[in-house]
Amino acid sequence: MTALNRVPSLMVRAGTASALTIAAVGGSIVVPGVASDASAATMATKALQIAASKKGSPYKWGASGPRRFDCSGLTLYSFKKAGKTLPRTAAQQYNKTEHISAKSRKAGDLVFFHSGSNVYHVGIYAGKGKIWHAPKTGDVVKLQRIWTSSVWYGRVS
């Protein structure tokens, strides 16, 4: 073992590591209360996987899982299981996200369908123009292509 390989463990034991020393040996610095892009991506990816795992679950207005969902109930459930609490309705969820452009969207971002300024539906972006969502009464949670340009995007942070 080289001296460089031993430095991080020695510094941790001694409690004397500086930010520059940690960076120099390839470590990372965690700032309490600040989510990194990587942890936000991990949470969004986890929420997306949870939503996908609910494929085929029946739609029920007002339901937020674990067996039945409406649109915002699915996003609320998925993000809660991934470690993030969202408000109940699609409009409330839109107001709690970081609004982003279509060019900036990533898998795990929320897709909000709107008519004018009224948000009426939400799903989780899966990439390639598709979302996981709970569409309507008589339908089930499924992956579907975004069918309109009247959408806004939001990132949960």
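Two strands count as paired if DSSP finds at least two bridges between them. Keep that cut-off at hand for these exercises on a predicted model.

**Exercise 1. Find how many bridges join strand β2 to strand β3, and decide whether the two strands pair.**

Solution. Start by locating the strands: β2 covers residues 110–115 and β3 covers residues 118–127. Next, take the bridge count, which is six. Pairing needs at least two bridges, so β2 and β3 pair. Their directions are antiparallel. For a landmark within this pair, look at F112, which stands opposite V122 in β3.

**Exercise 2. Place β2 and β3 in the sheet, and name the edge strands.**

Solution. First write down the strand order, β1-β6-β2-β3-β4-β5. Reading along this order, β2 sits between β6 and β3, while β3 sits between β2 and β4. The sheet is open and its pairing is antiparallel. The edges are β1 (98–100) and β5 (142–145), each of which pairs on one side only. Finally, add the twist, which averages 40 degrees from one strand to the next.

**Exercise 3. Work out which strands helix α4 lies across, and where helices and strands fall along the chain.**

Solution. Begin with helix α4, residues 71–81, which lies across β2, β3 and β4 (130–133). Relative to β3, helix α4 runs at about 45 degrees. Then step back to the whole protein, with its five helices and six strands. From the N terminus, the helices come before the strands: α-α-α-α-α-β-β-β-β-β-β.

**Exercise 4. State what share of the protein's residues is buried.**

Solution. Take the total of 157 residues; 37% of them count as buried. For the exposed surface, the protein shows about 9,300 Å², with carbon and sulfur atoms supplying 55% of it.

Terms used:
Residues numbered from 1 in each chain as written. Predicted model: local features only at pLDDT ≥ 70, side-chain atom pairs only at ≥ 80, totals over all residues. Heavy atoms only, no water. Helix = DSSP H or I, 4+ residues; strand = E, 2+ residues; numbered from the N terminus. Buried < 20%, exposed > 50% of the residue type's maximum accessible area, 1.4 Å probe, protein only. Areas by Shrake-Rupley, 256 points an atom, 1.4 Å probe, with all protein chains shown as cover. Axes fitted to C-alpha atoms, helices over the stretch in contact; angles between N-to-C directions. Contact = heavy atoms within 4.5 Å.
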